[in-house]
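Here is a look at how the protein and DNA parts of this model sit together. Have the sequence and the 3D view open as you read.

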Number of protein chains: 2
Amino acid sequence: MTTTTDSERDLRILRLLWAPPDPPRKGPRPRIDREQVVAAGLELAAAEGLAALSMRRIAAHLSVGVATIYTHVPGREELLALMFDTLVGGAPPPAATGDWRQNVETWARADWELYRAAPWVTRLTSSALPGPNLLAWYDAALATLAGTGLDSHEMVAVVESVDGYVRGLAREVAAQPPPERAAAQAEAVASFVDLDRLPTLRAVARDGAIPGIGDHFEFGLQRLLDGVAALIAERAAGNLPRTRPSSAIYDAG
Amino acid sequence: MTTTTDSERDLRILRLLWAPPDPPRKGPRPRIDREQVVAAGLELAAAEGLAALSMRRIAAHLSVGVATIYTHVPGREELLALMFDTLVGGAPPPAATGDWRQNVETWARADWELYRAAPWVTRLTSSALPGPNLLAWYDAALATLAGTGLDSHEMVAVVESVDGYVRGLAREVAAQPPPERAAAQAEAVASFVDLDRLPTLRAVARDGAIPGIGDHFEFGLQRLLDGVAALIAERAAGNLPRTRPSSAIYDAG
DNA sequence: AGCTTACTCCGAACATCGTTCGGAGTAATG
DNA sequence: CATTACTCCGAACGATGTTCGGAGTAAGCT
């Protein structure tokens, strides 16, 4: 059974994310910090991407042996989780003004900017275990929808849809090659493809609309929010909110 | 300069994706096929995920030495590209009926189903070099928007927004742990978090709306398409379509 | 027929990765 | 001052993607 192991790993990561880094009582003063390890990881990832982020490089960056890293962080996956939550904590949380749409637009764009500034995040494989900063972000994002008349499930659905959209598009844009390389790709594809078999693509490309190139973030965001606005307007017009069964898992403790 | 190398790699992958697998003229009959390598890769990925997909395992699966794989496929990245395009080719392409919304819903759901059936695809890191099947899919997807009054750029924007949304949400759902593990996670988080500091999250959770759990694909899809419908209605009402500069890159050949 | 040539296959090796082990060194605690 | 609980890390393990060089094979040419 891998289930037990996986759950234990989850617990270890969660403890790491939430528990305060208790200082050692005995032994020599640590030469480095968990915080420093995370910072070094963030630097390396920003500079050379996730693939280049190896435990050895981090150790070298901190002028320390490889094994030393493991006294401050249980493993690579856990380090990535810490890096992610740290990054989320560095950005300003969503603010709730009176205008829900402006609120959501603002945090969606901030979200977008985060992914643009740190494309390696879009490559993260982790199970997205929530750290304190991510959960705080979530709370604030939900709060931006207060007073819209949406029920709880709809609020969560809006936040996760918009966030999912942002991440999806960020990932696609992060995968786009730099212009020079993109042009070479397009030319190569053009030499292979038989455009007679792809009439719509040809017509669209004639107008300069090249699939796979360009940034349609704002376009889709506006469509998505138009749709949300329509739902909110419908609720305001008097249609009954749906109700659903309740089970407050987060209240367990 | 890595640029040259990268572009050469792009070209190699594109040639691989588009060029017919020319049979050898001399030497012993190949014991295995490129097609078999791709099929073995798909099987392995489906069964155990991307992380378990190693060249050695594929070789073992085909009862062949590791190095043999490299005579049929240039490397792992190229194999993944082939696997992806093969998968795309296996699904039915978007169909264009008279109702654009039903068309888009249908291909968006098919897209979604593909990611649900092959979650490893959401982990792909590749630069998304287009193969013949992906480009055919793209052409058909664009065709589903014909007659809506949208201009070329808007059509591309709609397809990429919806596709980006689907991928984003599929990735999030693919990252969700199985229920048993999710429950353990939620309980652990509950034991750490101070819900007094996250009032909106608490309120929402009381109604049973747990962030990070559940499937909001249909919800967001409907919002997004409502927004697109609003745009189309606006165009139909007589507002001028925007125009943009033209540069038909795909027509270069 | 025999030689050349162009292929397939693959054992062995290389560099790199995440991670573990065991011990040497260090400083607070009793 | 001995014990104890730490930090650090050299060395190693197993696994990964990939390359090299050679052995074997069969088609094409003279």
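## The surface near DNA strand D

Three elements each supply at least two residues of the surface near DNA strand D: α4 of chain A, plus α3 (55-61) and α4 of chain B. The largest share comes from α4(A), with four residues. Keep in mind that this is a predicted model.

In total, 28 residues surround DNA strand D, and the closest are R31(A), G65(A), H72(A), R56(B) and R76(B). Of the strand D atoms that come within 4 Å of the protein, sugar and phosphate make up 61%. As for the character of this surface, the residues split into twelve nonpolar, eight polar and eight charged.

## Phosphate contacts on strand D

Which atoms of R31(A) and M55(B) approach the phosphates of DNA strand D, backbone or side chain? For R31(A), a polar backbone atom sits 2.2 Å from a phosphate oxygen of the strand. M55(B) also uses a polar backbone atom, 3.0 Å from a phosphate oxygen of DNA strand D.

T68(A) brings in its side chain: an N or O atom there is 2.9 Å from a phosphate oxygen of DNA strand D.

## Over to DNA strand C

Now for the other strand. There are 27 residues around DNA strand C, and R56(A), R76(A), R31(B), T68(B) and H72(B) come nearest. Within 4 Å of the protein, 64% of the atoms of DNA strand C belong to sugar or phosphate, and the rest belong to bases. The residues of this surface are twelve nonpolar, eight polar and seven charged.

Three phosphate contacts are worth a look here. R31(B) has a backbone N or O atom 2.2 Å from a phosphate oxygen of DNA strand C. M55(A) likewise offers a backbone N or O atom, at 2.9 Å from a phosphate oxygen of that strand. With Y70(A), a polar side-chain atom lies 3.0 Å from a phosphate oxygen of DNA strand C. Zooming out to whole elements, α3 (55-61) and α4 (66-72) of chain A and α4 (66-72) of chain B are the ones that give two or more residues to the surface near DNA strand C. The largest share, four residues, is from α4(B).

## How the two chains relate

What turn lays chain A on chain B? A turn of 180° with a shift of 0.0 Å along the axis does the job, and the RMSD is 0.1 Å. That is how a two-fold axis relates two copies. If you want to find the axis from chain A, look at G168(A): its C-alpha is the nearest one in that chain, 1.8 Å away.

The chain-to-chain interface fits in here too. Of the interface residues of chain A, 100% are also interface residues in chain B, so the copies meet through the same surface.

## Two domains in chain A

The domain assignment divides chain A into domain 1 (4-87) and domain 2 (93-176 + 212-251). Taken over C-alpha atoms, the centres of these two domains of chain A are 29 Å apart.

How many residues of each domain take part in the contact? Domain 1 of chain A puts in 15 residues, and domain 2 of chain A puts in 13. Between them, domain 1 and domain 2 of chain A bury about 1400 Å², with 78% of that on carbon and sulfur atoms.

Notes
Residues numbered from 1 in each chain as written. Chains lettered and ligands numbered in written order. Predicted model: local features only at pLDDT ≥ 70, side-chain atom pairs only at ≥ 80, totals over all residues. Heavy atoms only, no water. Near = heavy atom within 4 Å. Polar contact = N/O pair within 3.5 Å; in protein donor to acceptor, adjacent residues only side chain to side chain. Nonpolar A, V, L, I, M, F, W, Y, C, P; charged D, E, K, R; others polar. Least-squares fit on C-alpha atoms with pLDDT ≥ 70 in both. Contact = heavy atoms within 4.5 Å. Domains from an automatic or database assignment. Buried area = accessible area lost by both parts, 1.4 Å probe.
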